[in-house]
Amino acid sequence: MTAAVIYIDPLMIHPVMDGVWHHARLEGIPAAGEAITMLCGVTGVAAFLPLSQRQHHSIPRQCERCDAIVRQQRGIPPWQQRVGRN
């Protein structure tokens, strides 16, 4: 049987802790049990579960501090200053 390769971009991994998704600078895919520090400074341990085992069945909310840091680094205005479309 031929292997099915799954490509994962570490830049697109958004760890979720207590229903909040964060940004983290990852060099690669963290090993289960490896400590991860989010941009906001919150630290957690990597764990991988199938979506069917997700504990929070609501949509995770975004960490406002991580979002502010990413926006600043990318030169994107804070969401409060964005002009909406009419």
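User: Which residues lie nearest the centre of the largest pocket?
Analyst: His14, Pro15, Val16, Ala47 and Leu49 do, out of 26 lining residues. This is a predicted model, in which local features need pLDDT of at least 70, side-chain atom pairs count only at pLDDT 80 or more, and totals for chains, interfaces and linings use all residues. Residues are numbered from 1 along each chain as its sequence is written, and side-chain values use heavy atoms, with hydrogens and water left out.

User: What makes a residue part of the lining?
Analyst: A lining residue has an atom within 4 Å of a point of the pocket, and a pocket is an open set of points on a 1 Å grid over the protein atoms alone, where a 1.4 Å probe fits and protein lies on both sides within 12 Å along at least five of seven lines. The largest pocket holds about 960 Å³ of space, and the second largest has a volume of about 190 Å³.

User: Why is Cys40 not called part of a disulfide?
Analyst: A disulfide is a pair of cysteine sulfur atoms within 2.5 Å. The closest cysteine sulfur to that of Cys40 is in Cys66, at 3.8 Å, so the two are too far apart for a bond. Cys66 is in no disulfide either, as the nearest cysteine sulfur, that of Cys63, is 3.7 Å away.

User: Why is Cys66 called buried, and what is Cys40 called?
Analyst: Buried means under 20% relative accessible area, exposed over 50%, and partly exposed in between (1.4 Å probe, protein chains only). Cys66 has 0% relative accessibility and therefore counts as buried. Cys40, at 24%, is partly exposed.

Notes
Points joined across faces, edges and corners; volume = space filled by probe spheres on them.
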